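Good morning, colleagues. Today I shall speak about the covalent and charged side-chain links in one protein chain. Please have the sequence and the model in view.

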Amino acid sequence: MRGQAEVVATATAVVVVVVVVGMISGSEKEVTWCVSRSEAGAMALEAEMDQVCGSGVVDCSPVQPNGLCYLPNTLPSHASYAFNSYYQRSNANPAACDFHGTATITILNPSYGSCTYPSSISTAGGLISTPNAGGGDDVGDGGGLNPPVLGSTVPAIDMAVASHLCRPLLLAVCLCFVSLLF
């Protein structure tokens, strides 16, 4: 009976090690983008986009007439470009992709044709410091650019990103389980 238990424990340990190695090899940071939510209202999108583009923090010239991302000439498309530029310049911090609930994070690249959405700090023009909540003249005053504060809502993250963020927790659980076997 004892020999059978050792075989089961060894087989279980091998399976756990294979899972952990697979998780470690796939744990590179996944590229994400911030885009407008399909259910966001036009007035809210416009207010948030005006806030971002008017701040001088991001370059919204690609969504201006004759810009590479002007077409399609739709508010959700233009807002997505502006939101993503801010998000990337904030080091893809999930707190920088809320805009009062009008934006969400995705792993699907929204780039199309000659319109390339920034996918990192280096392609978005460099790191910015996210304005502090409740500050006086900060860009984010009332515009959704502030990181969440206690009692506020957290940005929406699509499930593919959320599952990717759970890998470190799963890794820790697996390692604890393996240590219990030996």
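Let me begin with a question: is R37 buried, partly exposed or exposed? R37 is partly exposed, its relative accessible area being 22%. Please keep in mind that we are looking at a predicted model.

R37 is of interest here for its partner. Its side chain meets that of E39 in a salt bridge, with 2.5 Å from N to O. For E39 the relative accessible area is 56%, and the residue is therefore exposed. As a general remark, side chains of opposite charge can pair when their charged atoms come close. The count of salt bridges in this model comes to one.

I turn now to the disulfides. How many are there? The count comes to three, and I shall take them in turn.

In the first link I wish to show, C34 is joined to C97, with the sulfur atoms 2.0 Å apart. The angle about the S-S bond is 85°, and the link is right-handed. Which parts of the chain does this pair tie together? C34 belongs to strand β1, residues 33-36, while C97 sits in the loop between α3 (75-89) and β2 (103-106), so the disulfide connects parts that are 63 residues apart in sequence. Both C34 and C97 are buried.

Next, consider C53 and C60. Their disulfide has an S to S distance of 2.1 Å. Here the angle about the S-S bond is -85°, which gives a left-handed link. Are the two cysteines buried or exposed? C53, at 25% relative accessibility, counts as partly exposed. C60 has a relative accessible area of 7% and is therefore buried, the limit for that class being under 20%.

The remaining pair is C69 with C115, whose sulfur atoms lie 1.9 Å apart. This link is right-handed, with 105° about the S-S bond. C69 is found in the loop between α2 (42-54) and α3, and C115 in the loop between β2 and α4 (121-124), so this pair ties together parts that are 46 residues apart in sequence. C69 and C115 are both buried.

Finally, what is the pairing when the bonded cysteines of the chain are numbered in sequence order? The pairing reads 1-5, 2-3, 4-6.

To summarise, the model has three disulfides and one salt bridge, the latter between R37 and E39. Thank you for your attention.

Technical notes
Residues are numbered from 1 along each chain as its sequence is written. This is a predicted model: local features need pLDDT of at least 70, side-chain atom pairs count only at pLDDT 80 or more; totals for chains, interfaces and linings use all residues. Side-chain values use heavy atoms; hydrogens and water are left out. A salt bridge is a side-chain nitrogen of Lys or Arg within 4 Å of a carboxyl oxygen of Asp or Glu. Buried means under 20% relative accessible area, exposed over 50%, partly exposed in between (1.4 Å probe, protein chains only). A disulfide is a pair of cysteine sulfur atoms within 2.5 Å. Helices (H or I, at least four residues) and strands (E, at least two) are DSSP runs, numbered from the N terminus.
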